[in-house]
Amino acid sequence: MTVTLDIQQPQPFDLVGSRILIAGNATAFEGTLSIRVSEGHDEYASFTQVGSLGLKQFQGFIDIPDTNQFQMNRLFLTLADDTGNENGPSVVIPVLFGPRILPGYGGWQPYTVKAGDTLTKIAQDQYGNGDYQPIFEANQHILSSPNVIFPGQVLRIPRNDI
């Protein structure tokens with residue numbers, strides 16, 4: 001039987017919190033997938049159970065402690081079926097770590113850019129100050145410059161008041 005890893009959550013560049021939820025379809029030797037989260041400076045590991053001997057849906061999570069030593073906001077989540085073979089299949093998903101982007105991060109809300117908007121104006125409206133950096137960092141997968149946004153673009157606004 002071919003081992004399959006079909007990860008549906010998180011998707012690449014999802015904005016995640018301290019508890020990273022993971023879901024998908026998989027088969028794994030003895031029903032276990034290892035989970036690793038790293039950005040090159042710090043790393044956390046865990047595992048989740050999936051069905052064995054057939055494609056099964058699964059849900060799992062990994063908690064990242066507040067005492068983490070991450071230096072960057074882009075993390076790499078690796079899911080691997082290495083329980084039966086250290087060279088088993090694996091999937092690597094880049095995610096954006098909200099607590100590194102905005103202190104007290106609790107989630108995000110969508111915002112559709114309107115004509116005349118700038119990131120500074122959006123930050124002023126959303127946060128009460130012109131610090132657009134959290135918005136820019138939370139949308140680094142679609143924004144190449146903080147000076148270039150377009151009407152109709154949907155941005156993620158990180159929140160610490162949710």
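Here are some notes on the strands, salt bridges and a few individual residues of this predicted model.

1. Let's begin with the open sheet. It has 5 strands in the order 2-8-7-4-5, and the pairing is mixed. The edges belong to strand 2 (15–16) and strand 5 (43–49); each has a single partner strand, so one side of each is left without a neighbour in the sheet. As general background, strands of a sheet pair through backbone hydrogen bonds, either parallel or antiparallel.

2. Within that order, strands 8 and 7 are listed side by side, and their pairing is worth a look. Strand 7 covers residues 74–80 and strand 8 covers residues 90–97; the two run antiparallel and are joined by 7 bridges. If you would like a residue pair to centre your view on, Phe76 stands opposite Pro94 of strand 8.

3. Another antiparallel pair is formed by strand 9 (residues 107–112) and strand 10, with 6 bridges between them. Here you can use Gln109 as a marker, since its bridge partner in strand 10 is Ile157. Strand 10 spans residues 154–159, and 5 of its 6 residues are buried, so this strand is largely enclosed by the rest of the structure.

4. Turning to charged side chains, the whole structure contains 5 salt bridges. One of them joins Arg36 to Glu43, with an N to O distance of 3.3 Å. Both partners fall in the partly exposed class: Arg36 has a relative accessibility of 37%, and Glu43 has 45%. Glu43 also belongs to the range of strand 5 (43–49), one of the edge strands of the open sheet.

5. You may enjoy the next group, where Asp117, Lys121 and Asp125 are linked in a network of salt bridges. Asp117 meets Lys121 at 3.6 Å, N to O, while Lys121 meets Asp125 at 3.4 Å, again N to O. Lys121 and Asp125 are 4 residues apart in helix 2 (residues 119–127), so about one helical turn separates them. What about their exposure? Asp117 counts as buried at 10% relative accessibility, Lys121 as partly exposed at 40%, and Asp125 as exposed at 52%.

6. Asp117 deserves a point of its own. This residue sits in the loop between strand 9 and helix 2. With a relative accessible area of 10%, Asp117 is under the 20% cut-off and is therefore buried. Besides its salt bridge with Lys121, the side chain of Asp117 reaches the backbone nitrogen of Lys114 at 2.8 Å. Leaving aside residues up to four places away in sequence, Asp117 touches Tyr111, Thr112, Ile122 and Ile149. Two of these names are easy to place: Tyr111 and Thr112 fall within the residue range of strand 9 (107–112), and Ile122 falls within that of helix 2 (119–127).

7. Finally, have a look at Glu137, which is found in helix 3 (residues 133–138). Which residues does Glu137 touch, not counting those up to four places away in sequence? They are Asn73, Leu96 and Ile101. Of these, Leu96 falls within the range of strand 8 (residues 90–97). Glu137 and Ile101 are 36 residues apart in sequence, yet their C-alpha atoms are 6.6 Å apart in space.

Definitions and conventions: Residues are numbered from 1 along each chain as its sequence is written. This is a predicted model: local features need pLDDT of at least 70, side-chain atom pairs count only at pLDDT 80 or more; totals for chains, interfaces and linings use all residues. Side-chain values use heavy atoms; hydrogens and water are left out. Buried means under 20% relative accessible area, exposed over 50%, partly exposed in between (1.4 Å probe, protein chains only). Two strands pair if DSSP finds at least two bridges between them. A salt bridge is a side-chain nitrogen of Lys or Arg within 4 Å of a carboxyl oxygen of Asp or Glu. Contact means heavy atoms within 4.5 Å. A polar contact is a pair of N or O atoms within 3.5 Å; within protein, one must be able to donate a hydrogen and the other to accept it, and residues adjacent in sequence count only if both atoms are side-chain atoms.
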